[in-house]
Amino acid sequence: MRTKITTLILLFMLASAVPALASSYPYNISNLEAYITNGGATYTTYSAADISGTYDVTALGWEAFLWSRFQVDGTTLFSNVLWNTADFGTTVYDVDLANASFGSFYIFAWSDFGIDNTAHVKIYQLTSAWTGILNGNDITLAAGTLILGYNDINLGGDYDDLIIAAAPTPIPGALWLLGTGMAGLLGLRRRLRNQP
């Protein structure tokens with residue numbers, strides 16, 4: 001037990017001594033709105049109540065010194081725990097955001113907040129394409145993509161402590177093909193029914 005407490009104290013001291021690591025992907029975010037507009041995009045605010053369907057989700061950045069995470073149905077998709085952000089820039093496909101939450105590790109415990117918690121989560125929908133840099137690579141997000149910004153338990157009001165992009169999952173081509181085939185069959189049935 002004593003070893004665990006000593007380890008936790010050392011980790012806390014290490015975390016306090018390395019504030020330069022607090023901003024990594026991307027660097028020096030002042031707030032979420034500035035981050036989006038610096039990429040040349042326009043946006044509108046969006047409500048969590050309007051989110052439906054599945055999304056392809058990518059972690060864009062984090063600014064928080066506190067460890068933060070993004071999870072769905074209790075499974076962590078992205079986090080900056082121990083400043084390990086290797087999963088940032090990767091995309092997780094077909095995510096149902098209805099059960100998504102953000103969280104912060106503070107005083108040896110996690111505090112989690114659903115995406116409908118407007119004190120901690122702000123959601124924007126891009127009305128134009130957004131271009132930025134992620135892990136040294138240029139990326140572009142299409143209009144219609146949702147940007148979710150998390151404001152940790154310190155409530156700094158900048159909503160940049162963890163930034164997630166969520167693009168609606170495209171309808172597969174096979175579904176379009178099935179739909180046009182069904183419409184063709186209905187048309188053929190109607191045509192055959194109207195013949196004498």
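Trainee: Why is S2 called largely enclosed by the rest of the structure?

Mentor: Start with the status of the coordinates: this is a predicted model. Buried means under 20% relative accessible area. In S2, 7 of the 8 residues are buried, so the rest of the structure largely encloses this strand.

Trainee: How do you know that S2 pairs with strand S5?

Mentor: Pairing needs at least two bridges between the strands. S2 and S5 (residues 91–96) are joined by 4 bridges and run antiparallel. One partnership to look up is Thr54 with Asp96 in S5.

Trainee: And in what sense do S2 and S12 pair?

Mentor: The antiparallel sense, over 6 bridges. The threshold is at least two bridges, so S2 and S12 count as paired. Take Ala59: the bridge partner in S12 is Ile164.

Trainee: What holds paired strands together in general?

Mentor: Backbone hydrogen bonds, in either a parallel or an antiparallel arrangement.

Trainee: What is unusual about the phi of Asp94?

Mentor: The sign, given the residue type. Phi is positive, about 55 degrees, although Asp94 is not a glycine. Asp94 sits in strand S5.

Trainee: On to the pocket. Which strands each supply at least two residues of the lining of the second largest pocket?

Mentor: Strand S2 (54–61), strand S10 (137–141) and strand S12 (162–168). The lining includes Asp56, Thr58 and Leu60. Ile139, Thr140 and Leu141 are also among the lining residues, as are Ala165, Ala166 and Ala167. Thr91, Ala142 and Thr145 line this pocket too. The space in the second largest pocket is about 150 Å³.

Trainee: How does that lining divide by class?

Mentor: The lining has 7 nonpolar, 4 polar and 1 charged residues. Asp56 is in the lining, and Asp counts as charged.

Trainee: Now the open sheet. Which strands are called its edge strands, and why?

Mentor: The sheet has 4 strands in the order S4-S3-S6-S7, with antiparallel pairing. Strand S4 (75–79) and strand S7 (109–114) are its edges: each pairs on one side only. From one strand to the next, the twist averages 30 degrees.

Trainee: How do you know that S6 pairs with both S3 and S7?

Mentor: Count bridges again. Strand S3 (residues 67–72) and S6 are joined by 6 bridges. Strand S6 (residues 100–106) and S7 are also joined by 6 bridges. The requirement is at least two, so both pairs qualify. On the S3 side, Ser68 stands opposite Ser104 in S6. On the S7 side, Gly103 has Asp112 as its bridge partner, and Tyr106 has Ala109.

Trainee: What makes S6 mostly covered?

Mentor: 5 of the 7 residues of S6 are buried. Ser101 lies in this strand. Its relative accessibility is 12%, which is under the 20% cut-off, so Ser101 counts as buried.

Trainee: Which residues are in contact with Ser101, leaving aside neighbours within four places in sequence?

Mentor: Arg69, Phe70 and Gln71 are among them. So are Asp112, Phe113, Gly114 and Ile115. Contact here requires heavy atoms within 4.5 Å.

Trainee: Ser79, then: is it buried or exposed?

Mentor: Buried. The value is 14%, and the cut-off is under 20%, so the label applies. Ser79 is placed in strand S4. Beyond four places in sequence, Ser79 touches Ser68, Arg69, Asn84, Thr85, Asp87 and Phe88.

Trainee: What do S6 and S7 form, and how many residues lie between them?

Mentor: A hairpin, with 2 residues between the strands. Ile107 in the turn has a positive phi of about 50 degrees. Phe108 lies in the loop between S6 and S7. Phe108 also has a positive phi, about 65 degrees, although it is not a glycine.

Trainee: Why is Phe108 called exposed?

Mentor: Exposed means over 50%. Phe108 has a relative accessible area of 53%, so the label fits.

Trainee: Last one. Why does Asp158 count as buried?

Mentor: Its relative accessibility is 15%, under the 20% limit, so Asp158 counts as buried. Asp158 is in the loop between strand S11 (146–150) and S12. Check Glu33 as well: Asp158 and Glu33 are 125 residues apart along the chain, yet their C-alpha atoms are separated by 8.2 Å.

Note on methods:
Residues are numbered from 1 along each chain as its sequence is written. This is a predicted model: local features need pLDDT of at least 70, side-chain atom pairs count only at pLDDT 80 or more; totals for chains, interfaces and linings use all residues. Side-chain values use heavy atoms; hydrogens and water are left out. Axes are lines fitted to C-alpha atoms, for helices over the stretch in contact, and angles run from 0 to 180 degrees between N-to-C directions. On a 1 Å grid over the protein atoms alone, a cavity is a set of points where a 1.4 Å probe fits but cannot get out, and a pocket is an open set with protein on both sides within 12 Å along at least five of seven lines; lining residues have an atom within 4 Å of a point. Grid points are joined across faces, edges and corners, and a volume is the space filled by probe spheres set on the points. Buried means under 20% relative accessible area, exposed over 50%, partly exposed in between (1.4 Å probe, protein chains only).
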